[in-house]
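Q: Could you take a close look at the sheet in this model for me? I would like to see how its strands are arranged and then follow one residue within the sheet.

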Amino acid sequence: MKLVLLFLMFLVIKMKTLYKCANCGEYTLKPDLCPHCGGKTYTPHPARFSIEKEQKYSKYRRNLLKNQLNKSK
Ligand SMILES: [Zn+2]
C-alpha cells in the first residue's frame with residue numbers, strides 16, 4: 001500500500017517536470033529546448049482550475065454585472 005502511494009507521488013512529480021516539444025511533439029525533461037530537434041518545449045498540462053478562486057471573485061463579478069445593468073436602464 002505504501003509502495004503504491006510512493007509510485008503515485010513519483011508520477012505526479014514526473015508529470016510536473018515533463019515538457020513537450022512544440023516542433024516534433026516528443027516529451028522531454030528539459031525545460032527549454034528539445035533534445036531531439038532543438039525546438040521550443042512547453043508544459044502540456046493546463047493551468048490548474050480552482051473553484052475557490054472563482055467563488056472568491058464572484059461577488060465582485062456579480063456587483064459589476066448589476067452596475068452595468070443599472071447603467072443601461
Ligand atoms: Zn523536438
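A: Happy to! In this predicted model, the sheet is an open one of 3 strands, ordered S2-S1-S3, with antiparallel pairing. Strand S2 (27-28) and strand S3 (41-42) are the edge strands, each pairing on one side only. Strand S1 covers residues 19-21, and 2 bridges join strand S1 to S2, the two running antiparallel. As general background, strands of a sheet pair through backbone hydrogen bonds, in either a parallel or an antiparallel way.

A good residue to follow is Tyr-19, which lies in strand S1. Its bridge partner in S2 is Thr-28. Thr-28 is also among the residues that Tyr-19 touches; leaving aside those up to four places away in sequence, the full set is Thr-28, Leu-29, Lys-30, Pro-31, Thr-41, Tyr-42 and Thr-43. Tyr-19 counts as buried because it has 20 C-beta neighbours inside 10 Å, and the cut-off for that class is 20 or more. For another view of its surroundings, take Lys-40: Tyr-19 and Lys-40 are 21 residues apart in sequence, with their C-alpha atoms 9.6 Å apart in space.

Now let's step back to the whole chain. It has 2 helices and 3 strands, and along the sequence they follow the pattern α-β-β-β-α. Of the chain's 73 residues, 5% count as buried, and Tyr-19 belongs to that buried class. As for contacts between residues at least 6 apart in sequence, 7% join residues at least 24 apart.

Notes:
Residues are numbered from 1 along each chain as its sequence is written. This is a predicted model: local features need pLDDT of at least 70, side-chain atom pairs count only at pLDDT 80 or more; totals for chains, interfaces and linings use all residues. Two strands pair if DSSP finds at least two bridges between them. Helices (H or I, at least four residues) and strands (E, at least two) are DSSP runs, numbered from the N terminus. A residue is buried if 20 or more other C-beta atoms lie within 10 Å of its own, exposed if 12 or fewer, and partly exposed in between; C-beta atoms are placed from the backbone. Two residues are in contact if their C-beta atoms, placed from the backbone, lie within 7 Å.
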